[in-house]
Every structure is written in C-alpha cells, then in structure tokens.
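Got the structure viewer ready? Here's a quick briefing to read alongside it, going topic by topic.

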Amino acid sequence: MSERLQAPRGTFDVLPEQSALRAQVEEVARRVLESAGYRRIETPAFEDTDVFRRAVGASTDIVQKEMYTFEDAGGRSLTLRPEVTAPIVRAYLEHGMHKLAQPVKLWYLSSCFRYERAQAGRYRQFWQIGAEALGSDDAAVDAESILLLHTILAELGVAGMRLRIASLGTPASRAHYRELLQDHLRRHEDELAAEVRERIDLNPLRAFDSDHPGTRTVMAKAPVLMDHLDDADRDHFASVLGMLEAAHIPYEVDGTLVRGLDYYTRTVFEFTSDALGAQSGVGGGGRYDGLAEQLGGSPVCGMGWAAGVERMLLAAEHLPVPEPICDLYVAMAQGTPAERVQAFALAAEARSAGVPTQLELAGRSLKGQFKQADRCGAAYVAILGPEGIELKDMQTGAQESLDTSAAVVAHVLRGRHADA
Ligand code: AMP
C-alpha cells in the first residue's frame, strides 16, 4: 500500500467548525471596515518576485529566508505572497487609483505564505485580514486605521490586548540615526549575536528584535530613533497620539518597536494579546510613504495593518460556535423509489422557498432518520409515506398530516416566522 499523504508541515486544513468561527472573524472585519468606507480587494496569490524584493527589503528575514519563490514554465521568478501590502500598492499603481478620491481605502482577507519555523500560532500558510489607506499623509488616517483594528479585536473579544506604538521618522531623519546606531553597535561588536553583527551595515535597526542576551544588554543602552525625529515627524506622531487619546484607546509608546518589514515610515504599531504565548503579536502595521516609489510609481502615501486570522481566533476568548441551521429534514417511511423522488422534490421546493433543508441520503431506518434530524438540529421533520406527508414539530412533538408539499413548506415558513 502506498504511504498516506499529509498536509505539508506548517499548514492546516480548515475543518467545518473552524470555518464557522473564521466566518465570524471575517464578518466582524467586513462590517467594521466597510462602515468606515473600506472596500474589499483581492490580489493574486503570487506576484513577480521583485514586488517583494523591492518593497519588503532585501535585508529582511522575509526576503532572505522565508519566501516561496519559484520559476514558472516561462522562466519568470514568481513568489507566493508573504504579505499583502506590497501587492496592494502594486495594484493601486497599476490601476491608476490616484485618479480616484483620496485616500483610497481597501481591505482584504488573503492567505500568506512564509517559510517559518512551524509552531503554535506560526504557520507556513496563514490568513491575514488587513486594511490599507492610500493617498493621504494626514495623521487622522493613522489614528483611524489603528482605531479600526482596535474595534475589530475588541468586538472579537481578544483578551489582554495591548497597543505599542512608535515613530520611525522618514528615511532622511533615519539616515542620521542609523549612523549613530551603527557606531554604537560597532563599539560593542564582540557582545552581539553573529546575525546582528552581520546586519550592522544593511539593517542595524533589527538588532532591537534580537532575543540574544548579549545583544539585548547592548540594545538597552542604544540610542533610540524616537529621540532623533525631525519636527515634522514629531508633530505627526503627537497628532496621532492625541487622536488615540480622544478615542480612549490606551497605548504605550515603545521606542524599540521595529517591524519586520523595511518599508515603514513614521507611525508603526502592534497589538499583542496576553492570551497568546511566544507568538503574542495579533496584528500591526504602520505608514509606508516611500513604498510606491520603490515599486516604480510616483510617490503615494500609505498607512495600513494586517492581523493574523489564526492569532485572532487563538486570542478571542468567548467566540461562540454558531449552530448550523436546518429548518426541515425530509425523511421517508419506507424509502421506496417513489418516496425517494417525492422527498427529493420536496427538499428542492423547500430550499427554493428559502427553507434550510436536508434530505435523508444514507438509507437509514425511520428511527435512524430521526436521530440524524436531531443531529442536524432540524426544527421540523417531514415523513413521506403511503398515507401522505406527516410533519413533526421537533420542539413540541406535535404532528400533523398535510396533503401537499406546498402545505409543508408554508407550515415550516410560518413556524419560522413565529420563532423569529
Ligand atoms: P506581519 O505581516 O509580519 O506584520 O504580521 C502581521 C500579523 O500576521 C501578525 O501580527 C500575526 O498575527 C500574523 N502572522 C504573521 N506571520 C504569521 C505566521 N507565520 N503564522 C500565523 N500568523 C502570522
């Protein structure tokens, strides 16, 4: 016998119960975002590799180690999207969305692919819900974007939510700071992790993300970017914080917050949850005013975030599992060919009248059919037999004889409305 195959490491099947929970996350996000004027966008699962190489940054973990890159039969280098912001900016440029009223507000629910060490809350295929507002540098865009993620997480009941926020300034203000930080790192080179040492030239800021004890000691004394912002960056940040306060959103300013992607400018933020273990990040994002130019477009400001669907589900404590709906179960007394056709027709008629209906499909005994109707949570069971149709109300136990399928459907519809 050949070996039984399994889903690839770091991936998972979304089974029906999980699927119902995920639909609730999607529904909350859709309602919150669309009521703020965001509209859904869907980009391809793969892009030209350059989209990510240029946008996410050649020195990042994502580009260096985590991308699923392949050459197609036409010899092009393609990459399964490890994130969705860069594809959205690509789409904004490609479709001339600068001609629309700005900012253009887009949201998505998309799968992402990263070759990461698989563990609880960290997968190789995972789903992100995200929101991007392109075409305005107003601080209110930043604050509104953060508020919307806060609202979604709060509505889902994410436990122990914390918001950390910082400003990364602009490439200009960062250039001077980078040199200061590089000097500091070089002075303490012996104490640093090898990986950090190798990135002093390319990406010194990532040293703040290291778990290595020696590096952490060095970073505790490192200069902090927030102390080196220019006046415009500082004003922008103060405005964002002022608006968060006006919306009663608690935050912690954390000058050591650097995010794993290079494209951020000014505001960056992250929501974490105490309910999660090592992978405590639920969602985060920031402003990316230089990204469109990196992708070969004219300058376009942007602000957005992404939140992991699986992390939100792990952190949401009391999300109820919705019951499947079945208003009518069509059973057969004897299961003769004539009854089977009649049952099939009744189920079709009931469904087209909008009644969630299930049909006996496994040749069970009448007792077995009632058991199955119970499992489905059926409100009514119609039993087709030689004498006609009996309709049983599963809640009261009351049973009635009806002449036609139309009468059955009308009765179930009436019962449903009485319940509502
Ligand atoms: P990032 O795009 O890295 O800023 O991640 C945004 C959010 O996506 C994180 O806060 C997580 O909720 C989620 N996320 C990122 N990587 C993974 C992964 N490998 N598995 C599951 N969720 C992830």
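The protein chain splits into two parts: domain 1 covers 14-169 + 229-313, and domain 2 covers 326-417. Taken over C-alpha atoms, the centres of domain 1 and domain 2 sit 48 Å apart. Keep in mind that this is a predicted model.

**The ligand and its surroundings**

- Start with the neighbours: there are 14 residues around the ligand, and Arg114, Glu116, Tyr123, Arg259 and Val282 come nearest.
- Sorted by class, that shell has four nonpolar, five polar and five charged residues.
- Which residues put a polar atom by an oxygen atom of the ligand? Gln128 is one of them, with a polar side-chain atom 3.1 Å from a ligand oxygen.
- Gly281 uses its backbone instead, with an N or O atom 3.4 Å from an oxygen atom of the ligand.
- Val282 also offers a backbone N or O atom, this one 2.8 Å from an oxygen atom of the ligand.
- How much of the ligand does the protein bury? On its own the ligand exposes 490 Å², and 90% of that is buried by the protein.
- Three elements give two or more residues to the shell around the ligand: strand 6 (125-134), strand 10 (281-287) and strand 11 (302-308).
- Strand 10 makes the largest contribution to this shell, with three residues.

**The cavity**

- Rolling a probe the size of a water molecule over the atoms is a way to find where empty space is left.
- How many cavities of 30 Å³ or more are there? The count comes to one.
- The volume of the largest cavity is about 50 Å³.
- If you want to find it on screen, look for its lining: Ala166, Ser167, Leu168, Leu205, Phe208, Leu225, Met226, Gly255, Leu257 and Val258.
- Is that lining charged or nonpolar? Eight of the lining residues are nonpolar and two are polar, with no charged residues.

**The second largest pocket**

- This pocket holds about 340 Å³ of space.
- Its lining is made up of 20 residues, and Arg174, Leu261, Asp262, Tyr263 and Tyr264 lie nearest the centre.
- Which element gives the largest share of the lining? That's helix 6 (residues 171-187), with three residues.
- By class, the lining of the second largest pocket has eight nonpolar, six polar and six charged residues.

**Two backbone details to look up**

- Gln102 and Pro103 are joined by a cis peptide bond, with omega at about -5°.
- To find Pro103, go to the loop between helix 4 (85-94) and strand 5 (104-113).
- His248 has a phi near 60°, which is a positive value in a residue other than glycine.
- You'll find His248 in the loop between helix 9 (231-246) and strand 8 (252-253).

How values were computed
Residues are numbered from 1 along each chain as its sequence is written. This is a predicted model: local features need pLDDT of at least 70, side-chain atom pairs count only at pLDDT 80 or more; totals for chains, interfaces and linings use all residues. Side-chain values use heavy atoms; hydrogens and water are left out. On a 1 Å grid over the protein atoms alone, a cavity is a set of points where a 1.4 Å probe fits but cannot get out, and a pocket is an open set with protein on both sides within 12 Å along at least five of seven lines; lining residues have an atom within 4 Å of a point. Grid points are joined across faces, edges and corners, and a volume is the space filled by probe spheres set on the points. Ala, Val, Leu, Ile, Met, Phe, Trp, Tyr, Cys and Pro count as nonpolar, Asp, Glu, Lys and Arg as charged, and the others, Gly among them, as polar. A residue is near a molecule or strand if one of its heavy atoms lies within 4 Å of it. A polar contact is a pair of N or O atoms within 3.5 Å; within protein, one must be able to donate a hydrogen and the other to accept it, and residues adjacent in sequence count only if both atoms are side-chain atoms. Accessible areas come from the Shrake-Rupley method with a 1.4 Å probe; for residues, only the protein chains shown count as cover. Helices (H or I, at least four residues) and strands (E, at least two) are DSSP runs, numbered from the N terminus. Domain bounds come from an automatic or database domain assignment.
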